[in-house]
Amino acid sequence: MLQGFVRMALAVTVVVLAVMPDTVVTAIARSFGAAEACPPRDTRVTTPYPITGYWVIPRPDRCVTQRLVEAVHGVGGDTLITFGARILPAEVDGVGRVTGELAGDFAGCVENGKPCYRAALEAAPGRTVRQVYTYVTTERFGDAVLRCPGLDRRIESGGRTYYRLMLGGSCDSGGHDLLLIATDGDGVGNLLAEAAAYGMRVFPGLPVPPKDAVKPWLPDLSHLPALNELTARVLADYRQRYGSSPALGGLYQSFELAMRDRADDDPIIALYAAQHQVVAATMPGTTIMVSPFWDARRGRGFPVEQVGKGFADIAATRAGAPMAIAVQDGRGVGKVPVYGADEVDAPVGPRLAPMVGEVTHRQAYHGSTRDYVAEAARQVEPGVELWVNVEVFEPTQVAGECGRANPFPLRGRAAKPRVDEQVAAVGRNATKIIAYGWDPFLTCRSDLATPSLSDDLAASGRQPIVADARWTDAGVTVEGYHLGGGELRFTYRQRGGGTRTVTAAPQRHTAVTGAVPAGLETAWAPFAAPDLDPERPWVSITLQNATGAYAFDAARP
């Protein structure tokens, strides 16, 4: 799910412009090629929602970047994550021009009238070029990537910036690989600059290896030496240019894997171990973020019991560096459902039925998001944090619904009440909640009259969310977000039949401290149910205040 977006930035910007209010469109449009400065920054957090980080697409235009960062910051975001670009083996024709799908990106790579490949050969007479690689990215690099004088070059040509790098272990090697890099601007640099102004952090994506030709969900480890040298050069450049910036929060490992029991010779684990060793050596103390997924579908996925082994395998690749494991919750792709403990035998919802059929949760899945997150939380060790990456989209689109049309597969727009349920399922079991991804899922609109998901967060992000309930002899401690004010309603079935509702004002309203998602709090209320039906020991807890209501079903022990 997390690949194929680096080349989408301009297209997504156009789509976003098409669905934003006229005032926003005007402000953003002025920034394209305009001489005037960007508008003043608005650093207020207007609606602090529990999701505090998002994947974003870097933009080459600084004013567009400012608007993006400001929008994320306004709903409580403090973290931005980008995808890494993919290094790809390439071919050249008889005159030295790159051929194939990326030919257009490198057509302008010309040095003194010669294609960059030919210029590289002339700069290193008598040396062998083993392999040509290409790398199309959304960032500019400094001199730290140019290690070999006379061999490595930055080229400005046709309005683009190119780099040619000789990768060979040392500058005196008789044979080397040639890496050609093309960029249209410094989107990553813009993100870091704007993030610093808003007090936010950026996790740029590490370079990504080529896919295995036969099993494209795996990396081709034959290209690992070139990948590692590119990674070392990029990180040396980051250290030189951004090392003192508080906005550089860490690095994101873009290649995905499932958090499950894996073979000892698993190639993705081998990739992680090798590349993370480069990170630890080049930028000691830098946090490495990974975002694995899990699949709870019976017959295709794996049970909760495999989470522990998968977590440990990933954590073991960190080479002593701090690590954040941000597990994808699986709801957006339909691989893991969100449901309460009393809903295990309820039918799956209509947005999940196309993925698993018209069956119950128990028939379709090994467990719920809450089950898998809780199991992962039990595996946390020193030096590793558990984050949860909630998928803010639907597995498929329905008629008239916006979402993602490219790259395939299509994804639909999530509704805020369902995202609230995903947040609630995390509870206190993670340090941080992030989401995939801001564009297009938070910004798309089905039509101009329909608000986007980010609009919904801004309008109703302070509504209560009940994540958990803990019982005592005297009452109930409710855990969640925006719990202040209003009343708690407890509804349950009585022994012998009938339903009863008891109301109480929430008391002892306090913030939860420690390694928990931002904004988590508790409230206590007196409650007893001596006449609770033991055959149906569920209590529906609804918190109602001036901003809205949220219901949570809990079992009375």
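Here are a few short exercises on the disulfides and one helix of this structure, each with a worked solution.

Before you start, know that this is a predicted model, where local features need pLDDT of at least 70, side-chain atom pairs count only at pLDDT 80 or more, and totals for chains, interfaces and linings use all residues. Residues are numbered from 1 along each chain as its sequence is written, and side-chain values use heavy atoms, with hydrogens and water left out.

**Exercise 1.** Find how many disulfides the whole structure holds, and work out their pattern.

Start with the rule: a disulfide is a pair of cysteine sulfur atoms within 2.5 Å. Searching the whole structure with it turns up four disulfides. Next, count the bonded cysteines along the chain, and the pattern reads 1-2, 3-4, 5-6, 7-8.

**Exercise 2.** Describe the link between Cys 38 and Cys 63.

First, check the distance: the two sulfur atoms sit 1.8 Å apart, and the pair forms a disulfide. Then look at the torsion about the S-S bond, which is about -90°, so this disulfide is left-handed. Now place the ends, remembering that helices (H or I, at least four residues) and strands (E, at least two) are DSSP runs, numbered from the N terminus. Cys 38 is in the loop between α2 (22–31) and β1 (53–55), while Cys 63 is in helix α3 (residues 62–74), so the pair ties together parts that are 25 residues apart in sequence. Last, both Cys 38 and Cys 63 are buried; buried means under 20% relative accessible area, exposed over 50%, and partly exposed in between (1.4 Å probe, protein chains only).

**Exercise 3.** Cys 148 and Cys 171 are joined too. Is each one buried or partly exposed?

The S to S distance in this disulfide is 2.1 Å. A torsion of about -85° about the S-S bond makes the link left-handed. Cys 148 lies in the loop between β6 (128–137) and β7 (153–157), and Cys 171 in the loop between β8 (160–167) and β9 (175–183), 23 residues apart. Now the areas: Cys 148 has a relative accessible area of 3% and is buried, whereas Cys 171 comes out at 30% and is partly exposed.

**Exercise 4.** Explain why helix α13 is largely enclosed by the rest of the structure.

Count the buried residues: nine of the 11 in α13 (residues 416–426) are buried, so the helix is largely enclosed. Among them are Lys 416, Arg 418 and Asp 420. Finally, step past the end of α13 to Gly 427, whose phi is positive, near 60°.
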